[in-house]
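Colleague: I'm new to reading protein models, and the labels confuse me. Could we take a few of them and check where they come from?

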Amino acid sequence: MSETKYSYDAVNFHKTFAPQDSYLSKILELASEQYIGTKEDISQITGIPTGKTSGKVVPHILYAYYMGLISYKLEKGKYSLSLTPLGKLVRENDKYLFEDVTKMLCHYNLCDDCIGANIWSFVYYHLPVILEETMSETAMKRKYSDYFGVSADLTPLKKTYSEDGFLAVLGLLDFTEGVKIKSLFYNDSMMYVYAYGLLSSWERLFPSEHEITPDQLSVKLNWGKRFGFDDDEVLYALERLADSGIIKLNKQLVPYTLIKTSETSAVLPHLYDLLN
């Protein structure tokens, strides 16, 4: 068993609830007003159901937080909500979180090993599967239990990416016969999403480095896998980012290196520029 120790609530913060765009939208609306109140207050204002021991208010606050859309503080039973710069942009451009650009941003952050939700990040960073390889649900549950030291409820994860789930339209995960991380192609309309993901992860993990290797990109940032890119698609996407001046590729070295020529703050305003 892993030496890592997690509380049950840290792993299963979502209880049995998958994220819903309508509830996330209401949390963002309150955060835009820098709202402060109890979960019961939030429930009364938004209509998001809650109870004394369970309910959807707290899980959706935490989903929005792990998706990088809000910041929050909990003091004496009251939640103080505020928008992050990303959350502000999302609310201005896609108030109801319908666009694939928004959903991919939420997915990327939710699966981050530093700022994301534990079960989501485990799929991409620690679950020993490659693209298009299927792991049985039994084996997946065993891996989770060994790593976290507690049992994990996978139902919200499955609901998020399946059927009419919040992130199902992205086609990233397939739970038909276990779990499969799907292989996807570069999408022109997502270019600034790819750039935002790369630069935000880079600045978080390697803040003083202006040049990184493909190994750092794939192992530490886990950038391509979160978008469903195989090695060829990673290189193609990087070349498109280089064409746009967001990075440079030094192909005189073997392997090539990535040189940072832009900042997350510069890319952020353009996330929705390429929508049809």
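Colleague: What makes K260 count as buried?

Modeller: K260 has a relative accessibility of 11%. Buried means under 20%, so K260 gets that label. Keep in mind that this is a predicted model.

Colleague: And its salt-bridge partner, E263: why is that one called partly exposed?

Modeller: E263 has a relative accessible area of 38%. Partly exposed is the range between under 20% and over 50%, so E263 falls into it.

Colleague: How do you know that E263 and K260 form a salt bridge?

Modeller: Look at the closest N and O atoms of the pair, which are 3.0 Å apart. The cut-off is within 4 Å, so E263 and K260 pass. A search of the whole structure finds ten salt bridges.

Colleague: What makes D112, R204 and R226 one network?

Modeller: Salt bridges that share partners join them. Take R204 and D112: their closest N and O atoms are 3.0 Å apart. R204 lies in helix 10, while D112 sits in the loop between helix 6 and helix 7, so this pair ties together parts that are 92 residues apart in sequence.

Colleague: Are R204 and D112 buried or exposed?

Modeller: D112 is at 3% relative accessibility, so buried is the word for it. R204 is at 30%, which makes it partly exposed.

Colleague: How do you know that E92 and K88 are about one turn of the helix apart?

Modeller: Both lie in helix 5, residues 85–93, and they are four residues apart. An α-helix has 3.6 residues a turn, so residues three or four places apart point the same way. The side chains of E92 and K88 meet in a salt bridge, 2.6 Å from N to O.

Colleague: Why is E92 called exposed, while K88 is called partly exposed?

Modeller: The line for exposed is over 50%. E92 has 52% relative accessibility, so it counts as exposed. K88 has a relative accessible area of 46%, so partly exposed is its label.

Colleague: What makes helix 10 roughly perpendicular to helix 13?

Modeller: The axes of helix 10 (residues 191–205) and helix 13 (residues 231–243) come within 10 Å and cross at roughly 95 degrees. Angles of 65 to 115 degrees count as roughly perpendicular, so that's the label for this pair. Helix 10 brings M191, A195 and L198 to the contact, and helix 13 brings L238, R240 and L241. Those residues divide into five nonpolar, no polar and one charged.

Colleague: Why is helix 4 described as mostly covered?

Modeller: Eight of the ten residues in helix 4 (residues 57–66) are buried. Among them are V57, H60, I61 and Y66. After helix 4 comes G68, with a positive phi near 80 degrees.

Colleague: Which residues other than glycine have a positive phi?

Modeller: K15 is one of them, with phi at about 55 degrees. K15 is in the loop between helix 1 and helix 2. Another is Q34, whose phi is near 50 degrees. Q34 belongs to the loop between helix 2 and strand 1.

Colleague: Are K15 and Q34 buried, partly exposed or exposed?

Modeller: K15 has a relative accessible area of 33%, so it is partly exposed. Q34 reaches 58% relative accessibility and therefore counts as exposed.

Colleague: What makes L81 buried?

Modeller: The relative accessible area of L81 is 2%, so it is buried. L81 has its place in strand 3, residues 78–83. Leaving aside neighbours within four places in sequence, L81 is in contact with residues including I27, L30, I61 and Q34. The C-alpha atoms of L81 and L30 are separated by 7.0 Å, with their places 51 residues apart along the chain.

Colleague: How do you know that N250 counts as buried?

Modeller: N250 is at 18% relative accessibility, and under 20% means buried, so the label holds. N250 is in strand 8, residues 247–250. A polar atom of the N250 side chain lies 3.1 Å from the backbone nitrogen of Q252.

Colleague: What joins V254 and P255?

Modeller: A cis peptide bond, with omega at about 0 degrees. P255 is in the loop between strand 8 and strand 9.

Definitions and conventions:
Residues are numbered from 1 along each chain as its sequence is written. This is a predicted model: local features need pLDDT of at least 70, side-chain atom pairs count only at pLDDT 80 or more; totals for chains, interfaces and linings use all residues. Side-chain values use heavy atoms; hydrogens and water are left out. Helices (H or I, at least four residues) and strands (E, at least two) are DSSP runs, numbered from the N terminus. Buried means under 20% relative accessible area, exposed over 50%, partly exposed in between (1.4 Å probe, protein chains only). A polar contact is a pair of N or O atoms within 3.5 Å; within protein, one must be able to donate a hydrogen and the other to accept it, and residues adjacent in sequence count only if both atoms are side-chain atoms. Axes are lines fitted to C-alpha atoms, for helices over the stretch in contact, and angles run from 0 to 180 degrees between N-to-C directions. Angles under 35 degrees count as roughly parallel, over 145 as roughly antiparallel, 65 to 115 as roughly perpendicular and the rest as oblique. Contact means heavy atoms within 4.5 Å. Ala, Val, Leu, Ile, Met, Phe, Trp, Tyr, Cys and Pro count as nonpolar, Asp, Glu, Lys and Arg as charged, and the others, Gly among them, as polar.
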